[in-house]
Amino acid sequence: MRSRCLALLVFALAACAAPSPDRAVQAPTPSASGDLAARPLRLSTVAPGAPCPVSPARPWSGAGVAHAVLGDGPLHPVADYFAAGTILRLRPDDRLPGGGYEKKVRWIGGAYAGPVLVRAARLDGAGSASVRFLYTGERRPDGFFAEIPAPDADLPATTTVSGPGCYGYQVDGATFTTAIVFQAAPTP
C-alpha cells in the first residue's frame, strides 16, 4: 500500500511540475531580433549647429525608482541620468581609450515585457552611439537585443557616444517603435 501511495504521489508531483501546453513559457526565437531589425531606422537628422530637438523629460510615477523618464515608452531611459533631464554630461573620466564616452543610463519598463531592439545614432553629423543593458541581452550588428523580463523591469545600462552632439535612440518592441532624442555635451 505504501509503495502504491508513494508512486501515486510521485506521479501527481510530476504532473504538477510539467507545464501545460497552453501555459508553457516560450523561449525567444532567433527570428525575434531579426523581425525587429527589419524595421527601418527612422531617426531624423539635424543640421550641424541647429538646436537639438530633445525629447522632454516627463514625470515618472510607475514602478521603480525614477523622478523622470524620456520618451513615450513603454521602455524609457531614466532622465535622472541627464542634466536638465535631456543633456548627457560628458566628463573626462567617461572617456574611453578609443575616444568615445561611456555613461551609465538606467532604463525602466512601463507595461511591456518581450523582445526589444535598441539602436542609437548621432543625428547632427558624423559619429556613433550605442546602448548596452548590463545584465540581459546581447549586442547585435543592428543594435542591442534583449528580452525584457517583466513589465516593470529596471535595467542598468550604458550609453556610448562618440562625442558632444545630438543623438537619438530608436526602441523597437513587438508592439511599438519609439524614438527618443537627447543631447551630449561636455561638463562645464
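**Exercise 1. Locate Asp94, decide whether it is buried or exposed, and list its polar partners.**

Asp94 lies in the loop between β4 (87–90) and β5 (101–104), where strands are DSSP runs (E) of at least two residues, numbered from the N terminus. The model is a predicted one, in which local features need pLDDT of at least 70 and side-chain atom pairs count only at pLDDT 80 or more, while totals for chains, interfaces and linings use all residues. Residues are numbered from 1 along each chain as its sequence is written, and side-chain values use heavy atoms, with hydrogens and water left out.

Step 1. The relative accessibility of Asp94 is 8%, so this residue counts as buried (buried is under 20% relative accessible area, exposed over 50%, partly exposed in between, with a 1.4 Å probe and protein chains only).

Step 2. If neighbours within four places in sequence are left aside, Asp94 is in contact with Arg89, Gly100, Tyr101, Glu102 and Lys103, contact being heavy atoms within 4.5 Å.

Step 3. The side chain of Asp94 reaches the backbone nitrogen of Arg91 at 2.9 Å, and the side chains of Asp94 and Arg91 also meet in a salt bridge at 3.0 Å, N to O (a side-chain nitrogen of Lys or Arg within 4 Å of a carboxyl oxygen of Asp or Glu).

**Exercise 2. Which residues are joined with Asp94 into one network of salt bridges?**

Step 1. Arg91 also meets Asp93 in a salt bridge, at 3.6 Å, N to O; Arg91 is partly exposed, with a relative accessible area of 37%, whereas Asp93 counts as exposed at 59%.

Step 2. A further salt bridge links the side chains of Asp124 and Arg122 at 2.6 Å, N to O. Asp124 is buried, with a relative accessible area of 14%, and Arg122 is partly exposed, at 23%.

Step 3. Salt bridges that share partners join Arg91, Asp93, Asp94 and Lys103 into one network.

**Exercise 3. Describe the surroundings of Gln170.**

Step 1. Gln170 is found in strand β13 (residues 165–173) and is buried, with a relative accessible area of 2%.

Step 2. Its side chain reaches the backbone oxygen of Pro40 at 3.0 Å and the backbone nitrogen of Arg42 at 2.6 Å.

Step 3. Beyond its neighbours within four places in sequence, Gln170 is in contact with several residues, including Leu117, Val118, Arg119, Thr177 and Thr178.

**Exercise 4. In what order do the strands of the open sheet stand, and which are the edge strands?**

Step 1. Three strands form the open sheet in the order β5-β12-β8, and the pairing is antiparallel (two strands pair if DSSP finds at least two bridges between them).

Step 2. The edge strands are β5 and β8, each of which pairs on one side only.

Step 3. Five bridges join β8 to β12, and Ser130 stands opposite Thr160 in β12.

**Exercise 5. How many residues has the largest nonpolar core, and which strand gives the most to this core?**

Step 1. The largest nonpolar core has 31 residues, and those with the most contacts inside it are Trp107, Phe133, Val161, Tyr169 and Val171 (a set of buried Ala, Val, Leu, Ile, Met, Phe, Trp, Tyr and Cys residues joined through side-chain atoms within 4.5 Å).

Step 2. β14 gives the most to this core, with four residues.

Step 3. Apart from it lies another core, of seven residues, among them Leu43, Val46, Ala121 and Val181.

Conventions
A polar contact is a pair of N or O atoms within 3.5 Å; within protein, one must be able to donate a hydrogen and the other to accept it, and residues adjacent in sequence count only if both atoms are side-chain atoms.
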